[in-house]
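Reader: I am new to this structure and should be grateful for a close look at one part of it, the surroundings of the ligand. Please then relate that part to the rest of the model.

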Amino acid sequence: MSNGPVIGIDLGTTNSVVAVADKNGARVLSDEAGSLIPSVVSFHPSGDVLVGANAKERRLLDAQNTVYSVKRLIGRPYTSYEVNQARERFAFELSEGPSGGVLVTARGETYTLSEISAFVLRHVRKVAETQLGVECGQAVVTVPANFNELQRSATKAAGRVAGLEVLRILNEPTAAALAYGYNKTSNERVAVYDLGGGTFDITILQLAGDVFEVLATAGDTFLGGDDVDSAIADHMAGQFLEQSRYDTRQDRQAYERLKAAAEWAKIQLSDKPHVKLCIEELAYGDGGKALNLDYALTREQLEHMCQPLVARSFDVCEDAMKAAGLRPTQLDNVILVGGSTRIPLLQRMVAEYFGRKPLADIDPDLVVAQGAALQALSLAAPARKAALGRVALKKVAQPTTGSHPQMTEEMSFEDEVTNVGERPPLPPPPVARAARKATLPGQAPPPPPVELKNAPQLPEEEELVDTPTRSREDPLEHEMTRVAAPADPLDFQPTRMADASGLLMQIGVPSEDESEPPLGEEEPSGLLMELGDDAFTSESVPVEGSPPPPPPLELRSSAPAELRAALDENVDTVTAAVPVTDVPTRAPLLLDVTPLSLGVETVDGYCEHIIRRNSAIPAGQTKMFTTARDGQETVVVRICQGEDRHIGGNQLLGEVVLDGLRPATRGKVQIAVRFMIDADGTLQVRAQDVGTGQQQQIAIKLIGELPEQEIEGLRERHEAKLGS
Ligand code: AMP
């Protein structure tokens, strides 16, 4: 077979969908069972591995060896609350892997969850190849917007085990918006409300021509149609216990049958006012007598069960609306995504919340895969070039605002802050975006930025480039160079980073009771030295009465690939979208955000955030730390993700070990810890001894992450099992 197109895959909790796009748009591909491919893997006694519709049928016969809803667990540590819950509910056996992840045991063999997902991905790929008659080795795979680093990494690993090169991990709501807005010239703000089998996401986007900008996203990775099924199944189990004195909750196979029947009843009730069913031989009573369950459910009863679950989704919506600085009624359209949005009660509640009916002409099951395929098309070589042409590189000398003089240099992806409660203006044309600047409530707009005519030359191949954060929650976050540092940073009470083998102190870590500064309020002066932009600074503004700014860092780093590629092409400040002639279709520009804040552990179990949630990606932020002990040669930096000020309330991602620090007295070794998130939302952490310029960082070891050689081994095992 020849090399085929890049495919788009919606790897769903319940079903997966594959699509391909060309200049005429996106096309969903299907096998004989249809376009919704159940994300179910069943290990047959014959040794065969069944995937899709055939596997789903086995769920009722062989629940212990039939694995489903893996997406609810992938990338979660075995000790997490969600995995604990799943262990009680799922019939298949879960155990702890060597690096803290989850393993499934079926027919005596253990599998990582990435491997289980890989079976689905491989099957889906095969569907595409059969339909298209060409080999499809590359894909864009979607994930819930709220997936954390561990979940994204595990999904990527699944792709590799399946022999797929995953060109991009794309957020599902962004994909849906892309499919909706593709080739439209509209300028509108939309909400994508996505409730699938296991996860809920809400994403607010601004669509402006072919620019798709995520304003905010929030989600709950443990809320979905499965929960409705469980509620109905529990109701059934209660009735059966009353009637027959038999507790199906203690019988995994019987409970599995209840859940399957519950899902069927739920789906029926989206169209009908009531439903009746009989589950024969659900259990056996005295003398081996078969016990059946006759069950009836009305839509009203179902709505009573669903109401609290749907209501939970609006707490998440509130969070996203707040982060976007908008009210629900300020949106122009609402797109529903995910099979669970077919529930009539949900549609009514969504309409009530947003003050408008959701769009009715979008297929909630297929739209994500269609968007993934469109993104896949744009990642194909000619289109990628087009997207790059639109990357705006700007270097802006920002005159003094407020009491803190500053020099800010920027590389695109900067954004405005909008006032809560006031409808913000529609964005300027995409190209003007790079020059937008935070305008704070009650503050006069800053003077127009000075544009330097030429993009700065990067000295060496690997130059540090900071992409300013455009968090709406902390609009000052992007003001990278805070030069009002005291003469001796060690005059502060530094906060130490907790670690096993050594201590780091952050220069000027905020006090523990510090909350986010409200819009318009600066952080205390002199407390923070963020050195991120220095490497990019050709000149800096001296501040009267303050000590000289720290010397420019020569950090080596990986700027986001696209930006670097653009730099390689010597793109000067871009002031207009680059017209592209060699692209089969318009290449959309996606501007996404990171859904969760990223930080490091400090002493007493606190978390110091380095990149804030809802920051535009790609993003990079650097914070300075220093050693806390004389002669300290090693530190272990623990990295976490989440909004809590305490590390225990966040997801621990893993650690970075910095060793070989030069021996020096306490506080003399300064270490720049840099977090970078690429367009997939994947994190890289780097660190450097500022004094020597020596880069100390090694790759972050994620909890549960599959080692490189193991992925290769799993791929081989896969191919052997599937005979492909
Ligand atoms: P997804 O993850 O998007 O494939 O969504 C799957 C979820 O949607 C499952 O929980 C299904 O039971 C649910 N679902 C599919 N169709 C319907 C329907 N007509 N009414 C209610 N829920 C549905």
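Author: A backbone N or O atom of Gly339 lies 3.1 Å from an oxygen atom of the ligand. The model is a predicted one, and the distances given here are computed from it. Next in the account comes Ser340, of which a polar backbone atom is 3.1 Å from an oxygen atom of the ligand. Lys266 takes part through its side chain: one of the polar atoms there lies 2.7 Å from a ligand oxygen atom. Gly339 and Ser340 thus approach the ligand with backbone atoms, whereas Lys266 does so with a side-chain atom. In total, 15 residues surround the ligand, and the closest are Gly197, Glu263, Lys266, Ser270 and Gly339.

From the ligand one may turn to the nonpolar interior. In soluble globular proteins, nonpolar side chains tend to be buried together. The largest nonpolar core of this model has 55 residues. Those with the most contacts inside this core are Tyr193, Ile202, Ile204, Ile232, Met236, Leu258 and Phe354. Helix 8, which spans residues 299-324, gives the most to the core, with 12 residues. Leu258 may serve as an example of the packing: setting aside residues up to four places away in sequence, Leu258 touches Ala233, Met236, Ala237, Thr248, Ile279, Leu282 and Leu293. A second core, separate from this one, has 53 residues and includes Val41, Ala118, Leu121 and Ala157.

A further element is an open sheet of three strands, in the order 6-5-7, with antiparallel pairing. Strand 6 (49-51) and strand 7 (66-67) stand at its edges; each has a single partner strand, so one side of each is left without a neighbour in the sheet. Strand 5, residues 41-43, pairs with strand 7 in the antiparallel sense over two bridges. Ser42 has Thr66 in strand 7 as its bridge partner. Helix 1 (residues 53-61) packs on this sheet and touches strand 5, strand 6 and strand 7. The direction of helix 1 makes about 105 degrees with that of strand 6.

Finally, Ser378 offers a polar side chain to consider. This residue is found in helix 10, residues 367-379. Its relative accessibility is 6%, and Ser378 therefore counts as buried, the limit being under 20%. A polar atom of the Ser378 side chain lies 3.0 Å from the backbone oxygen of Gln375.

How values were computed: Residues are numbered from 1 along each chain as its sequence is written. This is a predicted model: local features need pLDDT of at least 70, side-chain atom pairs count only at pLDDT 80 or more; totals for chains, interfaces and linings use all residues. Side-chain values use heavy atoms; hydrogens and water are left out. Helices (H or I, at least four residues) and strands (E, at least two) are DSSP runs, numbered from the N terminus. Buried means under 20% relative accessible area, exposed over 50%, partly exposed in between (1.4 Å probe, protein chains only). A polar contact is a pair of N or O atoms within 3.5 Å; within protein, one must be able to donate a hydrogen and the other to accept it, and residues adjacent in sequence count only if both atoms are side-chain atoms. A nonpolar core is a set of buried Ala, Val, Leu, Ile, Met, Phe, Trp, Tyr and Cys residues joined through side-chain atoms within 4.5 Å. Contact means heavy atoms within 4.5 Å. Two strands pair if DSSP finds at least two bridges between them. Axes are lines fitted to C-alpha atoms, for helices over the stretch in contact, and angles run from 0 to 180 degrees between N-to-C directions. A residue is near a molecule or strand if one of its heavy atoms lies within 4 Å of it.
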